[in-house]
Amino acid sequence: RDPTLAQNGGNRMQNERLLSLNVTVPPGASAGSQMQFAVPGGQFYSVVIPAGVGPGGSFCVQVPALPASAPPMGLPVSPMPMQPTRSDVPPPVLPDVPHSDVPPAEGVGRQPLAPPAVSHQLTPVSVPQAVRHAECPICFEPLCSAPCGVFVNERGRRVSIHFFNLEAARDWLQSGNGLCPLTRTAISDVLEVPNLVKDPDGWFSIVDLDGDGRLSLAEAVAALKAQLPLDLGKLDAALDDRSSQLWGRWDADGSGFIERGELLNSNGLAAYVQQVFGRTKAQSQVPDMRTNKAAWYAYWDEDGSGCLEREEVVRALIKTLKLSQDPQQVRSMRATVEAIWGIFDADNSGAIDRGEFLRGDGLADTIIATLQHG
């Protein structure tokens, strides 16, 4: 939504050491269209699928090797229609760089000896709403409200920084396409994340993504948000505040990492975050879309942009109708929105503005009619 995002992202990538990764094209996508994906560190990108690459095929992208800040979790990525590009924003120049030490895997992994097609049309994207709310990327259930899990590959290693509702992750593994819904990496199993309070050692062994006995800021924040009922807006504001001592208080040497004890002891980061940023206010009631479409739209347009992206509409409907604990209903709602979206998103922007939603026979009326008739 920020018109300068593409330009700023391109400038940053020109000046940073880059990492070559492979991305697997999901079902339903095609050459020339956009898709979103997340790298194991958590950053989201939008990329144009290059010519000659179809569903199940892979292509190479290059991303910053060590992003300064990564969102803790995200949404299921899905192909998006090609968006108009600004003529004054050139595509970023991506130089050749050494390959990473990330183990090879389907989806996102080490570049093979015979390089696949390369896409140079790569743009960092803003953090989706569900990421900010620490919800399961599959069903939008708050992560702290139920046991959560992580996806691992055939070697038992986690494929990304993200956490999922345990039951939703198990259902995805059984009914999905064998890939992590965020990173497009091949998955083989789901591991339950132990309770932070009851089994701190087991918890730390799971959330320590690379097994080095310490956590980065992204790892620590993602793990704490996944299990603790926190005031996320207050916590995120403190993390963004350069004058805040939230992280530096424990990361005394400025390395960007904290050790296990610094996180889990009685006066460590976990205890401090829970005490200072514990959730205190109850959520307001969701307006009834059938009787007040405008109020319903305003409630879910949390950033006041005047637009709702498709995943925001899916999330809003699933939470309004309380479907998040029924995997079949979640899949059905996604399919319903997918089926009717193109009728109302005439400019293929990936978003519906307030007028497109509220007008007679607009998206709101269509959704209401669809729900009433099953």
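This section describes the overall composition, sheets, cores and selected residues of a predicted model.

The protein comprises 13 helices and 14 strands. Of its 374 residues, 46% are buried. The accessible surface amounts to about 17900 Å², and carbon and sulfur atoms account for 51% of that area. Among contacts between residues at least 6 apart in sequence, 68% join residues at least 24 apart.

Strand E1 spans residues 18–24, and 7 of its 7 residues are buried, so the strand is largely enclosed by the rest of the structure. In a regular strand, side chains alternate between the two faces of the sheet. In E1, Leu 18, Ser 20, Asn 22 and Thr 24 point one way, while Leu 19, Leu 21 and Val 23 point the other way. Residues on both sides of E1 are buried. The strand runs antiparallel to E4 (residues 58–64), to which it is joined by 7 bridges. Within this pairing, Val 61 of E4 is the bridge partner of Leu 21.

A further sheet is open and consists of 3 strands in the order E9-E8-E10, with antiparallel pairing. Strand E9 (164–165) and E10 occupy the edges and have a single partner strand each, so one side of each is left without a neighbour in the sheet. E8 and E10 are joined by 4 bridges, and Val 152 stands opposite Asp 189 in E10. Helix H3 (residues 166–175) packs on this sheet, where it touches E8, E9 and E10. The direction of H3 makes about 170° with that of E10.

Leu 191 belongs to strand E10, which covers residues 189–192. With a relative accessible area of 30%, Leu 191 is partly exposed, because this value falls between the limits of 20% for buried and 50% for exposed residues. Beyond its neighbours within four places in sequence, Leu 191 contacts Cys 148, Gly 149, Val 150, Val 152 and Ile 206. One of these residues, Val 150, is 41 residues from Leu 191 in sequence, yet the C-alpha to C-alpha separation is 5.4 Å.

Ile 206 is also one of the buried residues of helix H4 (residues 200–207), together with Gly 202, Trp 203, Phe 204 and Val 207. The elements covering the buried residues of H4 include E8 and E10, as well as strand E11 (214–216), helix H5 (217–227) and helix H7 (260–264).

The largest nonpolar core contains 74 residues. Those touching the most other members are Phe 151, Phe 163, Trp 203, Leu 224, Leu 263, Leu 269 and Phe 357. When residues up to four places away in sequence are not counted, Leu 269 touches Ala 220, Leu 224, Leu 246, Trp 247, Trp 250, Ile 258, Glu 262 and Leu 263. A second, separate core of 14 residues includes Leu 21, Met 35, Phe 37 and Val 61. Two of these residues, Leu 21 and Val 61, are the bridge partners in E1 and E4 noted above.

Positive phi values occur at two loop residues that are not glycines, Ala 134 and Asp 361. Ala 134, with phi of about 50°, lies between helix H2 (129–132) and strand E8 (148–152). The phi of Asp 361 is near 60°, and this residue lies between helix H12 (354–358) and helix H13 (363–372). Ala 134 is buried, with a relative accessible area of 5%, whereas Asp 361 is exposed at 64%.

Terms used
Residues are numbered from 1 along each chain as its sequence is written. This is a predicted model: local features need pLDDT of at least 70, side-chain atom pairs count only at pLDDT 80 or more; totals for chains, interfaces and linings use all residues. Side-chain values use heavy atoms; hydrogens and water are left out. Buried means under 20% relative accessible area, exposed over 50%, partly exposed in between (1.4 Å probe, protein chains only). Helices (H or I, at least four residues) and strands (E, at least two) are DSSP runs, numbered from the N terminus. Two strands pair if DSSP finds at least two bridges between them. Contact means heavy atoms within 4.5 Å. A nonpolar core is a set of buried Ala, Val, Leu, Ile, Met, Phe, Trp, Tyr and Cys residues joined through side-chain atoms within 4.5 Å. Accessible areas come from the Shrake-Rupley method with a 1.4 Å probe; for residues, only the protein chains shown count as cover. Axes are lines fitted to C-alpha atoms, for helices over the stretch in contact, and angles run from 0 to 180 degrees between N-to-C directions.
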